[in-house]
Amino acid sequence: MAQKLTDDCIFCKIIRGEIPSCKVAETELSYAFMDIQPLSEGHTLIIPKYHSKFVHEVPEEHLADILPLAKKIALAIGAENYNILQNNGSLAHQVVPHVHFHVIPKPNATEGLGVGWPAKTPSIDEVKKSADAITQKL
Ligand code: 5GP
Ligand code: ZN
């Protein structure tokens with residue numbers, strides 16, 4: 001199965017062992033390790049062994065490997081409440097340009113992920129128009 005790593009990416013270097021990391025688990029296609037600046041105890045990152053910035057650039061075989069691994073790690077962490085987060089693009093809070101999935105325990109109101117949720121109130125017609133536009137391009 002295809003791996004694709006680059007020379008100048010910190011997460012590619014972590015996969016290759018050129019930068020140290022606190023490894024949690026590894027498969028042929030994925031690598032999981034502790035976040036160096038955790039939002040809560042247990043905060044883990046899961047990355048594909050395939051360098052790309054955006055999740056839509058990752059081969060499906062890698063994506064298919066990641067979510068079962070995230071499930072296992074979430075169970076191993078044992079948090080009753082947690083978030084799985086994956087940011088795409090700097091406006092969307094992505095800092096490291098190698099796709100990564102966060103598993104972030106939410107032990108209480110102050111630790112873990114804080115989420116702003118600026119909900120809009122469109123009409124049902126506007127919602128349906130959005131659905132149709134997406135469906136047509138699938
Ligand atoms: P993003 O905002 O891009 O979704 O999150 C990047 C995450 O990577 C942050 O939570 C940050 O703490 C973590 N991170 C950045 N550099 C390193 C590193 O060198 N080692 C580890 N273990 N985590 C890192
Ligand atoms: Zn990379």
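Buried residues are taken here as those under 20% relative accessible area, exposed residues as those over 50%, and partly exposed residues as those in between. These classes are applied throughout to a predicted model, and they place Asp132, with a relative accessible area of 34%, among the partly exposed residues.

The secondary structure of the protein comprises three helices and five strands, which follow one another along the sequence in the pattern α-β-β-β-α-β-β-α. The C-alpha trace spans about 50 × 40 × 25 Å along its principal axes, and 33% of the 138 residues count as buried. According to UniProt, in an unreviewed entry, the feature "domain: HIT" occupies residues 10-113. Over this range the chain is 24% helix and 22% strand, and the C-alpha atoms at its two ends are 23 Å apart.

The zinc ion (ligand 2) has as its protein donors Cys9 (SG), Cys12 (SG), His51 (ND1) and His98 (ND1), which lie 2.0 to 2.3 Å from the ion. The angles subtended by the four donor atoms run from 105 to 116°, and the arrangement is therefore tetrahedral, as this class requires all angles to lie between 85 and 135 degrees. Along the chain, the donors follow the spacing C-x2-C-x38-H-x46-H. Cys9 belongs to the segment before helix H1 (10-16), whereas His51 is found in the loop between strand S3 (44-48) and helix H2 (60-77), so that this pair ties together parts of the chain that are 42 residues apart in sequence. Both of these donors fall under the cut-off of 20% for burial: Cys9 is buried because its relative accessible area is 5%, and His51 likewise counts as buried at 16%.

Charged side chains form a further set of contacts. Side chains of opposite charge can pair when their charged atoms come close. With a salt bridge taken as a side-chain nitrogen of Lys or Arg within 4 Å of a carboxyl oxygen of Asp or Glu, the count comes to four. One of them joins the side chains of Glu18 and Arg16, with an N to O distance of 2.7 Å. Both partners are partly exposed, Glu18 having a relative accessible area of 48% and Arg16 one of 32%. Another salt bridge is formed between Lys23 and Glu26, whose closest N and O atoms are 2.6 Å apart; here too the residues are partly exposed, with relative accessibilities of 48% for Lys23 and 38% for Glu26. Lys23 and Glu26 are also members of a network of salt bridges that includes Lys49.

In helix H3 (residues 124-137), Lys128 and Asp132 are four residues apart, and they are therefore separated by about one helical turn. These two residues form a salt bridge in which the closest N and O atoms are 3.2 Å apart. Helix H3 also contains Ile134, which counts as exposed because its relative accessibility is 55%. The C-alpha atom of Ile134 lies 32 Å from that of Lys72, the two residues being 62 residues apart in sequence.

On the protein surface, Leu67, Tyr82 and Ile84 make a nonpolar patch of about 290 Å². Of these residues, Ile84 is located in strand S4 (residues 82-85) and counts as partly exposed, with a relative accessibility of 39%. That value satisfies the requirement that patch residues have over 30% relative accessible area.

The loop between S4 and strand S5 (101-105) contains His93, a residue that is not a glycine and yet has a positive phi of about 75°. Most residues other than glycine have a negative phi. His93 is exposed, since its relative accessible area amounts to 64%, a value over the 50% cut-off for that class.

Definitions and conventions: Residues are numbered from 1 along each chain as its sequence is written. Chains are lettered from A and ligands numbered from 1 in the order in which they are written. This is a predicted model: local features need pLDDT of at least 70, side-chain atom pairs count only at pLDDT 80 or more; totals for chains, interfaces and linings use all residues. Side-chain values use heavy atoms; hydrogens and water are left out. UniProt positions are given in the numbering used here, feature names are shortened, and annotations may be inferred rather than shown by experiment. Patches are made of residues with over 30% relative accessible area and no salt bridge: like charges are joined within 9 Å, nonpolar side chains (Val, Leu, Ile, Met, Phe, Trp, Tyr) within 5 Å. Accessible areas come from the Shrake-Rupley method with a 1.4 Å probe; for residues, only the protein chains shown count as cover. Buried means under 20% relative accessible area, exposed over 50%, partly exposed in between (1.4 Å probe, protein chains only). Donors are N, O and S atoms within 2.8 Å of the metal (3.2 Å for Na, K and Ca); water is not among the atoms, so sites may look incomplete. Four donors count as tetrahedral if all angles lie between 85 and 135 degrees; four count as square planar and six as octahedral if opposite donors are over 155 degrees apart and all others between 65 and 115; anything else is irregular.
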